[in-house]
Amino acid sequence: MKVCVIGAGAAGMTVAGMLGHSGIDVTVLEKNSKAGRKLYITGKGRCNLTNLCDARQVIDNTVSNSRFLYSAINLFTPQDTVDFFNSLGVETKVERGGRVFPVSDKSSDVIDALRRYICDGNCNIVYNCSAKALSMSGNSVKGVICDDGSIIYADAVVIACGGASYPATGSTGDGYALARGAGHDITSIRPALVPMICEGYDSTLAGLSLKNVNVTVFKDGKEIAGRFGEMLFTHTGVSGPVILTLSSIINKYSNERGNLNGRFNIAVDLKPALDHDKLCARIARDIEECGGKSIKNILPLLMPRALITHILAQAHINPNAAGKSLNQANISALASAVKSYYIAIKALESVDKGIVTAGGVDVKQVNPKDCSSKIAEGLYFAGEVLDVDAFTGGYNLQIAFSTAVAVARALAQKAVD
């Protein structure tokens with residue numbers, strides 16, 4: 001059996017390596033000059049390989065088409081991923097929230113291990129080569145037509161060239177066109193795990209990080225979702241783990257460019273451990289203890305200085321007013337602003353800025369057990385090209401590895417049969 005794998009990323013190298021070690025003739029096409037370009041930047045260059053949890057938690061943290069993943073995730077679990085990379089010589093460690101990283105904190109170690117794996121499996125890697133189209137005979141895939149006009153004939157083709165996020169790494173949506181050419185539908189492509197662009201934003205907040213806050217997102221005044229954790233102010237809006245997660249929940253209201261259909265706001269609770277009444281008491285106590293200071297010089301006890309004028313503006317309080325001049329209504333309004341600091345959201349960043357892509361090959365046309373096409377015989381999919389995406393924390397790479405293993409094991413069995 002001959003197999004052609006399109007894309008030498010996390011999913012592509014895993015599929016190729018496993019098939020190569022099963023004695024199958026494998027050719028890998030990679031449009032870049034080296035493999036694993038996107039892996040280099042995952043986890044801020046540290047490569048968050050997976051999340052050490054059970055299969056159920058991976059599925060629960062999958063935003064789109066989670067049920068499709070049931071077979072693949074149970075076939076190759078997060079623990080299997082850890083064991084796999086340990087066997088390749090990559091020592092791993094578990095950090096907060098179950099996130100798994102290489103002990104070295106170097107994504108290059110993960111990439112090097114996968115490259116050695118496919119080389120040891122005698123796979124043929126063709127760099128600087130893009131797949132232009134699939135070679136078809138009726139509804140059967142017979143190989144890949146390359147951009148130089150050459151054809152690589154194969155009994156099976158695996159599309160594993162990623163989505164449309166971070167195009168500089170080679171993820172430019174090529175897999176969608178290839179799948180469409182074989183008769184597959186592509187669901188709406190949208191940004192996932194992206195920063196939010198704010199309306200009427202004060203860029204002086206850029207660089208400010210908030211920890212242990214509750215962030216709630218509203219659409220047309222109706223609460224959509226909320227998360228607890230960390231967020232960050234950027235030059236154009238907000239980012240950080242909580243914001244990225246919320247972006248993947250509301251992106252169903254966006255298009256590829258990140259434009260939102262509706263009026264969106266987020267409300268940041270800066271003091272989630274205190275209810276309104278306790279926060280009022282805390283503010284009153286701080287005012288009492290600070291003598292005749294202005295309220296803007298009292299609030300650093302409660303919040304970052306950079307936010308003070310914004311919070312006071314929302315509460316309609318003069319920053320220069322003496323703290324002791326505030327009445328109970330003022331204090332209540334201030335507490336409300338601290339508990340719900342509102343920021344208007346103009347848009348999500350575009351899909352090319354996303355950590356992953358939402359949308360892709362319609363999973364209704366793909367067999368969940370082996371990720372094979374229901375439309376074109378001999379065609380398989382692995383990783384981000386599928387319409388499946390998850391929250392941050394290692395879940396998206398786990399999906400890539402699990403779908404890759406599902407494909408590899410199915411093709412290895414087919415070769416035996």
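**Close-up views of a predicted model**

The structure holds 12 salt bridges. The model is predicted, and the views below treat selected local features in turn.

**View 1. Salt bridges that share partners join R46, K93, E95 and D105 into one network**. R46 pairs with D105 in a salt bridge whose closest N and O atoms are 3.0 Å apart. R46 belongs to the loop between strand 2 (25-30) and strand 3, and D105 to the loop between strand 5 and helix 5 (107-120), so this pair ties together parts that are 59 residues apart in sequence. R46 is partly exposed, its relative accessible area being 23%, and D105 is also partly exposed, at 28%. D105 meets the side chain of K93 in a further salt bridge, with an N to O distance of 3.0 Å. The pair of D105 and K93 links distant parts of the chain, since K93 lies in strand 4, 12 residues from D105. K93 counts as partly exposed, at 25% relative accessibility. Side chains of opposite charge can pair when their charged atoms come close.

**View 2. R56 and D60 form a salt bridge within helix 2 (residues 55-60)**. The closest N and O atoms of R56 and D60 are 3.2 Å apart. The two residues are separated by 4 positions, about one turn of the helix. An α-helix has 3.6 residues a turn, so residues three or four places apart point the same way. R56 is partly exposed, with a relative accessibility of 45%.

**View 3. An open sheet of 3 strands has the order 3-5-4**. The pairing in this sheet is antiparallel. Strand 3 (50-51) and strand 4 (92-94) stand at the edges with a single partner strand each, so one side of each is left without a neighbour in the sheet. Strand 4 and strand 5 (residues 99-102) pair in the antiparallel sense over 3 bridges. V94 stands opposite V100 of strand 5.

**View 4. Helix 4 (residues 78-87) carries the buried residues P78, T81, V82, F84 and F85**. Viewed down the axis of helix 4, the buried residues fall within an arc of 160 degrees, so they line one face of the helix. Just after helix 4, G89 adopts a positive phi of about 95 degrees.

**View 5. The structure holds 0 disulfides**. A disulfide is a covalent bond between the sulfur atoms of two cysteines. For C146, the closest cysteine sulfur is that of C129, at 3.5 Å, which is too far for a bond because the cut-off is 2.5 Å. C146 counts as buried, at 1% relative accessibility. For C280, the closest cysteine sulfur is that of C290, at 17 Å, again too far for a bond. C280 is buried as well, with a relative accessible area of 8%.

**View 6. I41, Y166 and I355 make a nonpolar surface patch of about 220 Å²**. Y166 lies in the loop between strand 10 (156-159) and helix 6 (174-181). Y166 is partly exposed, with a relative accessible area of 32%; this value meets the requirement of over 30% for a residue to belong to a patch.

Conventions. Residues are numbered from 1 along each chain as its sequence is written. This is a predicted model: local features need pLDDT of at least 70, side-chain atom pairs count only at pLDDT 80 or more; totals for chains, interfaces and linings use all residues. Side-chain values use heavy atoms; hydrogens and water are left out. Patches are made of residues with over 30% relative accessible area and no salt bridge: like charges are joined within 9 Å, nonpolar side chains (Val, Leu, Ile, Met, Phe, Trp, Tyr) within 5 Å. Accessible areas come from the Shrake-Rupley method with a 1.4 Å probe; for residues, only the protein chains shown count as cover. A salt bridge is a side-chain nitrogen of Lys or Arg within 4 Å of a carboxyl oxygen of Asp or Glu. Buried means under 20% relative accessible area, exposed over 50%, partly exposed in between (1.4 Å probe, protein chains only). Two strands pair if DSSP finds at least two bridges between them. The arc is that of the directions from the helix axis to the C-beta atoms.
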